[in-house]
Amino acid sequence: MSEKLEKARLYEIKEAENIPQEEKPAFHVSAPVGWINDPNGFSVFKGKVHLFYQYHPYSRDWGPMHWGHSVTEDMVRWEQLPTALAPDQEYDREGCFSGSAIEADGKQALIYTGVTTEKLPDGKEEIRQNQCLAWGDGKDYVKAEKNPVVTGDMLPEKCSRVDFRDPKIWEDNGTYYMIVGSRSEEIPGQVVLFSSENLKEWEFETILAENSTGEIGVMWECPDFFPLGNKHVLICSPQHMRAKGYEFHNGHNSVYFAGEYDSEKHTFEKDAPVSLDYGFDFYAPQTTLLPDGRRVMIAWMKSWDNCVINEKQRWQGMMTLPRELEYRDGRIWQQPVREIENYRKNGCSYQNVEVGESLSLEGVQGRMIDLTVELLNTADAAGGDEFQIELARNEEYTTLFTYNRKKHLLEIDRTWSGVVRDVTCVRKIRIPDSGKSLKLRFILDRSSIELFINDGCQTATTVIPTPVEADEILFHSDGKALINVEKYDVVL
Ligand code: FRU
């Protein structure tokens, strides 16, 4: 084991002990100590689901990237494993950036971006991003003797050697494929495809998808590509993307393209991009296929530009709950993994409750909860324009979800959630008018709120720094509103 890896492993054991567990999420993966970002290597190996992540144990901020590691049997209860990779080689000395994992020959193969620098003829140093391989047993990993396995020199001439990262790997009919995020002098944002018979020697196949109109950001980070329903789906996270209507409000966005893939010619005809999440804190999602056929996705529950943490915290960064994906009626639907239902306790439910100016319901409160609120669309409940839910509330704090029934807009406002920096606090989401009731399922895990709208037709993910004592829930309506409410504590 290298000195750097050993140092990280010892440090995280020692320091994680000093972090109060009550300030951490209970059923979302979070930084053991220090900083985490993108999920990496989300995959099944020997019957367990593994999750690695971009990790800098030594400070609360981004730094030389390691790969942290957690494992689970049900995607709710996670076990911390020792740091998997450290930036300890010449070819990755500036960082082990994002990547993926696959089971091959009974071992777990990790493919990641090794970041290093190269001296140019004029003496200046320039970043180089290349794809590297490591092998392991589910806990300890050894980097391949011959690394990198894919370099920027294998790309067409005008492609960037500086921005060439985040390999996602899969196997199809005995051949391995890898897509990597990239850009070129002419195309801001593209995804390139490679193939291999043995994971060690790779060939460039094609540019699978590109930002030909220039409207979809400048560099496509963290691509993923997989069949879903009767489509193929490309996910990526374009940096610096402009908002369009009610889509793409996060600056650095995560989007998907549904389309048709010809697996012989490697062509992908894609539809227009769609936001994967409409909240504030969602980036760099990655998916895996479970043995039972479910395609599940997990994302970094944070944004690059916002810092929403308690100032005293020594850790920063969490993951979303893994979400089951489905493609139907021309779009992706997301639901929290069904295993979360095994941890539901203290259920209570209310039917046809009339909401006036202000209403609280006995038993409906908490900060580790699974709460569904249905705003009924009945003739006698059509009185008001605005319906509001306050979560994580007390005299000092609140986070507001306000639905305007005429405009079909849902507004999230975390201005009073305890943020003490200049961060984005208000977001508006357009809800397609189905003529039916509005169904909102909120999953709270202390400092996060994941909202699944209308059975996962849309989602909105929000981090709040609110002290956990603020656990009240209030309902308001400016006219008459009827609601159904179902609430469970999530107890591990
Ligand atoms: C996305 C990203 C990746 C990169 C990693 C570095 O959030 O910028 O493109 O591999 O983070 O930590």
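Contact here means heavy atoms within 4.5 Å. The exercises below use a predicted model.

**Exercise 1. T117 and its surroundings**

Find the element that holds T117, decide whether T117 is buried or exposed, and list what T117 touches.

Solution.
- Step 1. Locate the residue: T117 belongs to strand β6, which covers residues 107–119.
- Step 2. Check the accessibility. The relative accessible area of T117 is 17%. Buried means under 20%, so T117 is buried.
- Step 3. List the contacts, leaving out residues up to four places away in sequence. T117 touches R93, E94, E125, E126, I127 and R128.
- Step 4. Look for polar contacts among the side chains. The side chain of T117 is joined to that of R93 by a polar contact of 3.1 Å, and to that of E125 by one of 3.5 Å.
- Step 5. Compare sequence and space. Y91 is 26 residues from T117 along the chain, and their C-alpha atoms are separated by 8.3 Å.

**Exercise 2. The residues around the ligand**

Name the residues around the ligand, then give the polar side-chain distances to its oxygen atoms for D38, Q54 and E221.

Solution.
- Step 1. Collect the shell: N37, D38, Q54, W62, M65, F97, S98, R165, D166, E221, Y283 and W304 are around the ligand.
- Step 2. Take D38. One of its polar side-chain atoms lies 2.7 Å from an oxygen atom of the ligand.
- Step 3. Take Q54. An N or O atom in its side chain is 2.8 Å from an oxygen atom of the ligand.
- Step 4. Take E221. For an N or O atom in the side chain of E221, the distance to an oxygen atom of the ligand is 2.7 Å.
- Step 5. Ask how much of the ligand is covered. On its own the ligand has 320 Å² of accessible area, and the protein covers 96% of it.
- Step 6. Assign the shell to elements. Two or more residues come from each of β1 (34–45), β5 (95–104) and β9 (159–172).

**Exercise 3. Aromatic rings**

How are the rings of W300 and W304 arranged?

Solution.
- Step 1. Start with the whole structure, where a search finds 17 aromatic pairs.
- Step 2. Read the geometry of this pair. The ring centres of W300 and W304 are 4.8 Å apart, and the planes stand at 65°.
- Step 3. Apply the cut-off. Planes over 60 degrees apart count as edge-to-face, so W300 and W304 form an edge-to-face pair.
- Step 4. Add the accessibility of each partner. W300 is buried at a relative accessible area of 0%, whereas W304 is partly exposed at 31%.
- Step 5. Look for a group of rings elsewhere. One aromatic cluster is formed by W170, Y177, F225, Y261 and F268.
- Step 6. Look for charges over rings. K270 lies over the face of F257, 5.2 Å from the ring centre, and R414 lies over the face of F280, 4.0 Å from the ring centre.

**Exercise 4. S196 at a strand end**

Which backbone nitrogens does the side chain of S196 reach?

Solution.
- Step 1. Place the residue: S196 lies in strand β11, residues 190–196.
- Step 2. Classify it. S196 counts as buried because its relative accessibility is 2%.
- Step 3. Follow the side chain. It reaches the backbone nitrogen of N198 at 3.0 Å and that of L199 at 2.8 Å.
- Step 4. Add the contacts beyond four places in sequence. S196 touches T175, Y176, E201 and W202.

**Exercise 5. Backbone details**

Describe the peptide bond between N147 and P148, and the phi values of K46 and N346.

Solution.
- Step 1. Take the peptide bond. N147 and P148 are joined by a cis peptide bond with omega about -5°. P148 is in the loop between β8 (141–143) and β9.
- Step 2. Take K46, which is not a glycine but has a positive phi of about 50°. K46 sits in the loop between β1 and β2 (48–56) and is exposed, with a relative accessible area of 58%.
- Step 3. Take N346, a residue other than glycine with a positive phi near 50°. N346 is in strand β23, residues 344–355, and counts as exposed at 54% relative accessibility.

Terms used: Residues numbered from 1 in each chain as written. Predicted model: local features only at pLDDT ≥ 70, side-chain atom pairs only at ≥ 80, totals over all residues. Heavy atoms only, no water. Phe/Tyr/Trp six-rings, centres within 6.5 Å; stacked < 30°, edge-to-face > 60°. Buried < 20%, exposed > 50% of the residue type's maximum accessible area, 1.4 Å probe, protein only. Lys NZ or Arg CZ within 6 Å of the ring centre and 35° of its normal. Near = heavy atom within 4 Å. Polar contact = N/O pair within 3.5 Å; in protein donor to acceptor, adjacent residues only side chain to side chain. Areas by Shrake-Rupley, 256 points an atom, 1.4 Å probe, with all protein chains shown as cover. Helix = DSSP H or I, 4+ residues; strand = E, 2+ residues; numbered from the N terminus.
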